[in-house]
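Welcome! Could you help me get to know a new structure by working through a few exercises, each with its solution? Here is the model to keep beside you.

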Amino acid sequence: MTRTPFIAGNWKMHKTIAEAEAFIQALLPQVATADGVDIAICPSYLSLQALVDSARGSRVGVFAQNMHEADEVSAPMLSEIDVGGVVLGHSERREYANETDRALQQKVPRALAAGLVPILCVGETEEERERGDTERKLRHQVQEGLEKVPLERLPEVVVAYEPIWAIGTGLVATPEQAQDAIGFVRALVEGFDKQAGQRVRILYGGSLKPDNAPELLALPDCDGGLIGGASLDVEQFMAVVEAAR
């Protein structure tokens, strides 16, 4: 089954509004002919409206980095300003903001109901991998996070496998480690619905850079990347986009 590659840049707290707008203006001409790959940028909340306006009508989607399942910054608020999607369950949200799988169980379907593409992040710590608990951790996160998603909408969810031990450390999962984990995530989604599992897009999100992107993006179950540091530079980001093509 053909799945369109998806490359998303997660900026976290990087870039002021002015810097974000300068980046998008430099990026847009380069992605104008980037056929066959979906592209998104996930800026800070303060830059969302500016980037939505700058990217309107282009190939670049603008996603938020989080939303609340009820209020605070909610799904309808993001949808109202034409944000296209939202990152949910990023490892730093789980660790520092005590984000739970139970909260994500509410967030994912609410994002879909508001017309947003949810990127559900899952992944294990170094200690969990060393204990042999990678599959146990992924099983819990995927099954909890997707439990309340209507089966017919499962293919709209994007899942990002983020080995936590590889985020911001310079470490990268080997192709074998990445494929094993991503393939396992796909099998978990197939546990809900076989066809949905074959259609859902699964990204790799651990120190993905231009030099390792071709090998990782060529894995049979890897459909793109959720990129951190390399997404802050237009040329590096475009190199990953080109690798996905």
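The exercises below go through this predicted model one topic at a time.

**Exercise 1. The nonpolar core**

Task: Find how many residues the largest nonpolar core has, and which helix gives the most to it.

Solution:
- Step 1. The largest nonpolar core has 69 residues. Ile7, Leu27, Val60, Leu116, Leu146 and Tyr204 are the ones with the most contacts inside it.
- Step 2. Seven residues of this core come from helix α8 (residues 175–192), which gives the most.
- Step 3. Another core, of twelve residues, lies apart from it; Ala8, Ala40, Val87 and Cys121 are among them.
- Step 4. For background, nonpolar side chains in soluble globular proteins tend to be buried together.
- Step 5. Now pick out Leu146. Leaving aside neighbours within four places in sequence, Leu146 is in contact with Val108, Leu120, Leu154, Val157, Val189 and Phe192.

**Exercise 2. The strands beside β5**

Task: Work out which strands are joined to β5, and how many bridges join each.

Solution:
- Step 1. Start with β5 (residues 117–122) itself: five of its six residues are buried, so by the cut-off of under 20% relative accessible area this strand is mostly covered.
- Step 2. Strand β4 (residues 85–88) runs parallel to β5, and four bridges join them. To see one place where they meet, look at Val86, whose bridge partner in β5 is Pro118.
- Step 3. Strand β6 (residues 158–161) is also joined to β5 by four bridges, and they run parallel. Here Leu120 stands opposite Val159 in β6.

**Exercise 3. Two charged residues**

Task: Decide whether Lys107 is buried or exposed, then do likewise for Glu128.

Solution:
- Step 1. Locate Lys107 in helix α5 (residues 101–113).
- Step 2. Lys107 has 2% relative accessibility, so it counts as buried.
- Step 3. Beyond its neighbours within four places in sequence, Lys107 is in contact with Asn66, Met67, His68, Glu69, Leu88 and Glu99.
- Step 4. Glu128 is found in helix α6 (residues 126–130). Its relative accessibility is 11%, so Glu128 counts as buried.
- Step 5. Not counting residues up to four places away in sequence, Glu128 touches Asp133, Thr134, Arg136 and Lys137.

**Exercise 4. Aromatic rings**

Task: Say how many aromatic pairs the structure holds, and explain what the pair of Phe6 and Phe63 ties together.

Solution:
- Step 1. The structure holds four aromatic pairs.
- Step 2. Phe6 and Phe63 form a tilted pair, with 5.8 Å centre to centre and 55° between the planes.
- Step 3. Phe6 lies in strand β1 (residues 6–10) and Phe63 in strand β3 (residues 60–64), so their pair ties together parts 57 residues apart in sequence.
- Step 4. Phe6 counts as buried because its relative accessibility is 3%, and Phe63 counts as buried at 6%.
- Step 5. Elsewhere, ring pairs link Trp11, Phe23 and Phe237 into a cluster. Lys15 lies over the face of Trp11, at 5.5 Å from the ring centre.

**Exercise 5. Positive phi**

Task: Find where Asn98 and Ser207 are found, and check whether each is buried or exposed.

Solution:
- Step 1. Asn98 is not a glycine, yet has a positive phi of about 55°. Asn98 is found in the loop between α4 (91–96) and α5.
- Step 2. With a relative accessible area of 61%, Asn98 is exposed.
- Step 3. Ser207, not a glycine either, has a positive phi of about 55°. Ser207 is found in the loop between β7 (201–204) and α10 (213–217).
- Step 4. Ser207 has a relative accessible area of 12%, so it is buried.

Key
Residues numbered from 1 in each chain as written. Predicted model: local features only at pLDDT ≥ 70, side-chain atom pairs only at ≥ 80, totals over all residues. Heavy atoms only, no water. Core = buried A, V, L, I, M, F, W, Y, C linked by side-chain atoms within 4.5 Å. Buried < 20%, exposed > 50% of the residue type's maximum accessible area, 1.4 Å probe, protein only. Helix = DSSP H or I, 4+ residues; strand = E, 2+ residues; numbered from the N terminus. Contact = heavy atoms within 4.5 Å. Pairing = 2+ DSSP bridges. Phe/Tyr/Trp six-rings, centres within 6.5 Å; stacked < 30°, edge-to-face > 60°. Lys NZ or Arg CZ within 6 Å of the ring centre and 35° of its normal.
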